[in-house]
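The following note is offered to a colleague who is reviewing the empty spaces and the ligand site of this model. The points are numbered for ease of reply.

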Amino acid sequence: SSAVYAEVRRPCRVMILVNPHSGRGQALQLFTGHVQGMLTEAAVPYTLVITEHQNHARELVRKADLSQCDALVIMSGDGLLFEVINGLMEREDWQEAIQTPLGILPGGSGNALAASVHHYSHCGFMLCKGLVGSMDLVSIHLASRQRLFSFLSLAWGFVADVDIESEKYRHVGAIRFLMGTLVRLASLRVYQGRLAYLPVKEAPKLPKGSIKSNQPPSTPQHQSLCSSLPCRLIPNTSQNRNSRHNHNSTNSNHNTLTNSSNNAITTKRPETQSDGKTRAPEDSLLPGLDQPIPDSWTVVKEEDFVLVLAIYQSHLAEDLWTAPGAMADDGVIHLFYVKAGISRPALLRLFLAMEKGGHLACGCPHLVYEKVKALRLEPVSPQGMITVDGEMVEYGPVQAQIHPGLAKFICG
Ligand code: ADP
Ligand code: MG
């Protein structure tokens, strides 16, 4: 639109964070070999940061002057993006900071987000080029009162064990998950715990012949460029960042964070405290971890599980299309659990079918899938592993709730 062109043009400044140890340890070579030249040619100013230790990126992002940075791009796996998101949410100005468009250049062995983005955007990729989409984040509470923000998954049981145990196979790349799965299958175990969730209310079906309501849909998006895709134009909400659009680029997808004036803001404003500061978004759906489950929640009868997996992207890994219907900003936690009693071959069949998203069609009576807004898991087994975005967290009771469209990511 003319409004966009009237703005001052300047290049998009990108901070690129590389974890040199991610995946097969090739992220840096991938950067210098494939990305650096492109950035230079397109005259995109960037700052390259090579992380030196775990949580380096998290600390850096927590303190960075974000007014100097139009996008944060990680070249690694999902673990580094987890660090960046939590670094942003730990800032006093989190509300603005989390609006910074995030990008991912696959460099790790996980890269579930990269797979999800790719899958849903391939047909409209060209159309959406340069767009920034919304992404749900899930707020997670641990027993020690620690709070984390997650963009991908919360796992317990089989999947969490594979996440962590397969770290030692990281040199083999993406098939490390398959190797980990086979090893875990051999020593399949049952995990005791209690699971409860707040289901998504499906809109009641209108009776035949009734007049359609002209109420807008309840999703926070008001307008979308292409409603079947996760990519939607969003406005640049921060006052101190002027234009973010293409400056004289012919085919680069790294400096086209287009600004648009005709679309709606998707993130709800949090309450303001008396001192004028905002606080991190409240988890209005969650009681205290020590409080009883609310009546509106569903308590799962079974207490013996093989796995519990909450996922909010379509892919758990490059070749694991876990939640075929999931969109990055659908405001839904896709909750899967597998009840104890499943045979090894049946479980293996599920994981093999997952490559093409066919596990729900396996007719497996042990697999349950629910769309939820919040959940609580209380492990009873004294030892075990819980992972958030593939990273191990404190073991114990945990609860989570979705925050629709809280983050922004570059999706084309
Ligand atoms: P991968 O896909 O290979 O698992 P990740 O991006 O998930 O790659 O990173 C794996 C782990 O390494 C994460 O826990 C991340 O926080 C951590 N990490 C990031 N930078 C470094 C570094 N420089 N040295 C060691 N660990 C790091
Ligand atoms: Mg990882």
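**Cavities, pocket and ligand site**

1. The model is predicted. Its largest cavity is lined by Val159, Leu307, Leu309, Thr322, Phe336, Val338, Leu347, Leu350, Phe351, Met354, His359 and Leu367. Two or more of the lining residues come from each of strand 10 (304-311), strand 11 (333-339) and helix 10 (344-354). Helix 10 is the leading contributor to this lining, with four residues.

2. By class, the lining of the largest cavity holds 10 nonpolar residues and two polar ones, and no charged residue is found there. The space in the largest cavity is about 90 Å³. With a cut-off of 30 Å³ or more, the count of cavities is five.

3. The largest pocket should be considered separately. About 990 Å³ of space lies in it. It is lined by 49 residues, of which Gly79, Glu167, Arg176, Gly390 and Glu391 are the closest to its centre. In class terms, the lining of the largest pocket divides into 18 nonpolar, 18 polar and 13 charged residues.

4. Which elements each supply at least two residues of the lining of the largest pocket? They are helix 4, helix 8 (158-165), helix 9 (176-186), helix 10 and strand 14 (391-393). Helix 4 gives the most to this lining, with five residues. Helix 10 therefore appears in two linings, because elements giving two or more residues to the largest cavity include helix 10, and those supplying at least two to the largest pocket include helix 10 as well.

5. Where does ligand 1 sit? Ligand 1 occupies the largest pocket. Around ligand 1 there are 21 residues, and Gly23, Ser76, Glu83, Arg170 and Glu391 come nearest. Glu391 is also listed among the residues closest to the centre of the largest pocket.

6. The shell around ligand 1 has two nonpolar, 13 polar and six charged residues. Its largest share, four residues, is provided by helix 4 (residues 78-89). Helix 4 also gives the most to the lining of the largest pocket.

7. Three side chains may be checked for polar contacts with ligand 1. In Glu391, a polar side-chain atom lies 2.5 Å from an oxygen atom of ligand 1. For Gln54, the separation between a polar side-chain atom and an oxygen atom of the ligand is 2.7 Å. In the case of Asn19, an N or O atom of the side chain is 3.2 Å from an oxygen atom of ligand 1. Ligand 1 taken alone exposes 560 Å², and 87% of that is buried by the protein.

Note on methods:
Residues are numbered from 1 along each chain as its sequence is written. Chains are lettered from A and ligands numbered from 1 in the order in which they are written. This is a predicted model: local features need pLDDT of at least 70, side-chain atom pairs count only at pLDDT 80 or more; totals for chains, interfaces and linings use all residues. Side-chain values use heavy atoms; hydrogens and water are left out. On a 1 Å grid over the protein atoms alone, a cavity is a set of points where a 1.4 Å probe fits but cannot get out, and a pocket is an open set with protein on both sides within 12 Å along at least five of seven lines; lining residues have an atom within 4 Å of a point. Grid points are joined across faces, edges and corners, and a volume is the space filled by probe spheres set on the points. Ala, Val, Leu, Ile, Met, Phe, Trp, Tyr, Cys and Pro count as nonpolar, Asp, Glu, Lys and Arg as charged, and the others, Gly among them, as polar. A residue is near a molecule or strand if one of its heavy atoms lies within 4 Å of it. A polar contact is a pair of N or O atoms within 3.5 Å; within protein, one must be able to donate a hydrogen and the other to accept it, and residues adjacent in sequence count only if both atoms are side-chain atoms. Accessible areas come from the Shrake-Rupley method with a 1.4 Å probe; for residues, only the protein chains shown count as cover. A molecule sits in a cavity or pocket if more than half of its atoms lie within 2 Å of its grid points.
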